[in-house]
Structure formats: structure tokens, C-alpha cells
Amino acid sequence: MVTVVRVSFERAADAGLARLKHRVPQFFTENGWPYVIENRFLRSKCKRLSLKSIATVAEQLKEYLEWRELNNIAVEDISETNFEYYIDAQCSHFTKNGKPLAWNTVNSRIGGAHRFVYWCVKNNYNAHVELEYVPSRQFGDRRYKTKGHPRKKFKEPTKFLLIDDALEFIRCLGERSSVSGRTGQRNRLIAKLMLQCGLRISEAVNFPLADLPEIITTGHSTPARIIGKGEKPRVILIPNRLLADLWAYADITRARIIEVSTREISDQHLFLSEYGRKITINWIEKLFARAGASMGLHVVPHVLRHTYGSYHYIHNKDLVFLARLMGHEDPSTTEKFYVHVAKLISYTGNYEQLQVEVDNMCAGM
């Protein structure tokens, strides 16, 4: 049992401590013995932290100290291995109401404990933890690298959609992310641009109205210019039916937004919000996540670009041409992301057959 006592250091020999107007948290055992190293750490921090901040540090350190005492581990015996055990303990801890700790809480506690361990190593209280060095870009020296912890659980996003699932996803995106028919139409068009032209989310959201080409009726698709990653232009092919829908949105829906808006609109992007403002990528990412959740998928916008690249290779087998359409300088980048998946899909007609094929391929491993 760790007891916290707030101690005044007004008469301390250390001038820095004597200037403090607030009391400093200090740790003691049940028998009244102080935790010397932990208390010294708190005193070193209180000289530059506010009362609220030092209380947070004390709370984080107390949690770590109680775990260490429970497992009978001395400060000088802490190693990277048993610090990982502390991380596991926090991740698997449940509150009184049976719920796991919020990941922000887990991250905060582990961060506080790691800063204490880092301080112990620097002050020669521990020799079992090896600190990694990384170069500092700002100051040119080398600094210690601290261990981080994710603020939320990592969830692997869906990297590829079968075409039927992709179309169903676009339908859900239009239905579940709209407050009106106009926003549903806009969101579907953004997703279609990514699926049918291989655009990145930034390229689709920021597509300039001035770069929307007139329809060339002699073929299936019309070339268009896009400014891609690194401000590099490239040519894409927009299917004429999709291009007709984009022009309908620009001439009717977009024009109507500008007409009824109470503010002067100078934004020249093709897609606008209901109020005539620029659409943010973050907002579209949230809409994708919401639509994907309705299908039981964790979907990020880039999945539609991956789907386009994979299916394009299935039908054309032209790696160099696909690399140009995707905006990759090196075809090996295109091969890395799309060719393997394309080959797996080309062997099969549906997801179940794909799983059987993967199982067969893994059987010899």
C-alpha cells in the first residue's frame, strides 16, 4: 500500500524547492518509510511543473510503484522485459464496472512510468535498461528515444475490395453519410473517382473544376489532368458515364450551392460542402469509416485506389501503363502493392474461392 503525502518544502536547503508555493506529493510505505528514488524524481519535476501537472505525474508514478511493489521488483532490477509486463498489465486491466481502461489512460500511465525509468537510467539508479539513441534534427545532437504506446488499438484496414463489395460500399457511403440528396450524390462521386480512376483521396477531394474535361464521345473514357503527390501532374482516364455525372453535379448541384449561399464563394474545387466551403480529407475519412462499419469493414479511402490498381492489372497486365495512371515513378512500386493481390483475385471468382486458394497456397508452408 503506497501512501501519498503532500509535503511543504518552504524551509528546504534547496532554493528551488523553497520557492515553491504548493506542496509536493511524496510517497511512503505503510510503515512510514519514504520511497527515496521516487520522491527525488517528483522533487526534480515539481520545480518546473504546475500543481496540476505534478499531481498527474504523481498519479502515474503511484500506479507504476504499486505494480512494482506488488511484483516485488526493486528500482535497480527493472528491465525492458518486466517493463513490457507492466504495459501488458495496463492493457489487460479492467475497471470496477468491468470495462477495460481507455487507451488514452493506458498511454498516459505507460508514458509516465517510462519517463521515470528513463530518469532512473540517466541518474545511475538502474543499469538494466538500454536507452536507444536517435539524431535530433533540431539541435544536431543525439537524444534518448522514448518508448511510445498507441493511443488506441491498432485495427488493420481493409486493403482490397472485390468489385461487388466496392459497389455496395459506395452505395452505403451515399446513404449513410448524407444529410441531403446533394451530399449523398457528392460523396458517391468522390468514391467513384477513386474506384474508377485510381485517385488518392487528396486528389479526388481537391479536384479543380477547371481541370474537368469536356466529354470525348469517340471512346469509352476521356483523358484528364490531375496534380498528384509532390505536385506532379499526370494523365488519368475518366469513364464518360462518370464524367457526365460529374458535369451534372457541377452544372446543377454545385451551381445551386453557390446560388443560395449567403457568402461569396471563391473556392474553385469541384466538390463543395453544403455551405460552399472546401471539403476536408479528414471529414471524408470519417464518412468512409462510418459506411464501412455498416458493412462490418474497417475501410480507409485508399482501399478504393488499391481496388482500382488490382483490377486494372487483372484485365490489362500492363505494369508500366498502370504505374503512369497511378502516379508511380517506379513500376516496382506498382508491382509491390497491386500485382500479387491481382493474381490471387484473378484465380478466383468470389471471396470464398479466394480463401480456398489462399489455404491451398499456405498448405505447404
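I take strands as DSSP runs of E with at least two residues, numbered from the N terminus, and I count two strands as paired if DSSP finds at least two bridges between them. The model is predicted.

**Entry 1: the E5–E6 hairpin**

I looked up the pairing of E5 and E6. Strand E5 covers residues 221–227 and strand E6 covers residues 233–239, and seven bridges join them in the antiparallel sense. For the register I noted that Thr-222 is opposite Ile-238 in E6. The two strands make a hairpin, with five residues between them. In the turn, Gly-230 has a positive phi of about 75 degrees.

**Entry 2: nonpolar cores**

I went next to the largest nonpolar core, which has 39 residues. Leu-246, Phe-271, Phe-288 and Leu-304 have the most contacts inside it. Elements that each supply at least two of its residues include E5, E6, helix H9 (240–260), helix H10 (281–294) and helix H11 (302–316). Which element gives the largest share of this core? I found that H7 does, with seven residues.

I then listed the contacts of Phe-271, leaving aside neighbours within four places in sequence. The list is Arg-186, Leu-189, Ile-190, Leu-193, Ala-204, Val-205, Leu-246, Tyr-249 and Ile-279. A second core, separate from this one, has 34 residues, among them Leu-20, Ala-58, Ala-113 and Phe-116.

**Entry 3: Arg-200**

Is Arg-200 buried or exposed? Its relative accessibility is 13%, so I enter Arg-200 as buried, the cut-off being under 20%. Arg-200 sits in the loop between H7 and H8. Its side chain makes a polar contact of 2.6 Å with the side chain of Glu-203. Setting aside neighbours within four places in sequence, I find Arg-200 in contact with Met-194, Gly-228, Lys-229, Arg-234, His-302, Arg-305, Met-326, Gly-327 and His-328.

**Entry 4: helices H5 and H6**

I checked the spans of two helices. H5 (residues 103–122) has 20 residues and reaches 28 Å from first C-alpha to last, close to the 28 Å expected at 1.5 Å a residue. After H5 comes Asn-124, with a positive phi near 65 degrees. H6 has 14 residues and reaches 20 Å between its first and last C-alpha, close to the 20 Å expected. Which residues of H6 are buried? I noted Ala-166, Phe-169, Ile-170, Cys-172, Leu-173 and Gly-174.

**Entry 5: aromatic pairs**

I counted aromatic pairs and the structure holds 12. Tyr-64 and Tyr-86 form one that is edge-to-face, at 5.1 Å centre to centre and with 85 degrees between the planes. Tyr-64 is in helix H3 (residues 51–70) and Tyr-86 in helix H4 (residues 80–91), so this pair ties together parts 22 residues apart in sequence. Both Tyr-64 and Tyr-86 are buried.

Phe-83 and Tyr-86 form a tilted pair, with 6.1 Å centre to centre and 45 degrees between the planes. These two are separated by about one helical turn, because they are three residues apart in helix H4. Phe-83 has a relative accessible area of 4% and is therefore buried. Tyr-86 is at 0% relative accessibility, so I count Tyr-86 as buried. Last, I traced one aromatic cluster formed by Phe-41, Tyr-64, Trp-67, Phe-83, Tyr-86, Phe-116, Trp-119 and Tyr-125.

Notes: Residues are numbered from 1 along each chain as its sequence is written. This is a predicted model: local features need pLDDT of at least 70, side-chain atom pairs count only at pLDDT 80 or more; totals for chains, interfaces and linings use all residues. Side-chain values use heavy atoms; hydrogens and water are left out. Helices (H or I, at least four residues) and strands (E, at least two) are DSSP runs, numbered from the N terminus. A nonpolar core is a set of buried Ala, Val, Leu, Ile, Met, Phe, Trp, Tyr and Cys residues joined through side-chain atoms within 4.5 Å. Buried means under 20% relative accessible area, exposed over 50%, partly exposed in between (1.4 Å probe, protein chains only). Contact means heavy atoms within 4.5 Å. A polar contact is a pair of N or O atoms within 3.5 Å; within protein, one must be able to donate a hydrogen and the other to accept it, and residues adjacent in sequence count only if both atoms are side-chain atoms. The expected span of a helix is 1.5 Å times one less than its number of residues. Rings of Phe, Tyr and Trp (its six-membered ring) pair if their centres lie within 6.5 Å; planes under 30 degrees apart count as stacked, over 60 as edge-to-face and the rest as tilted.
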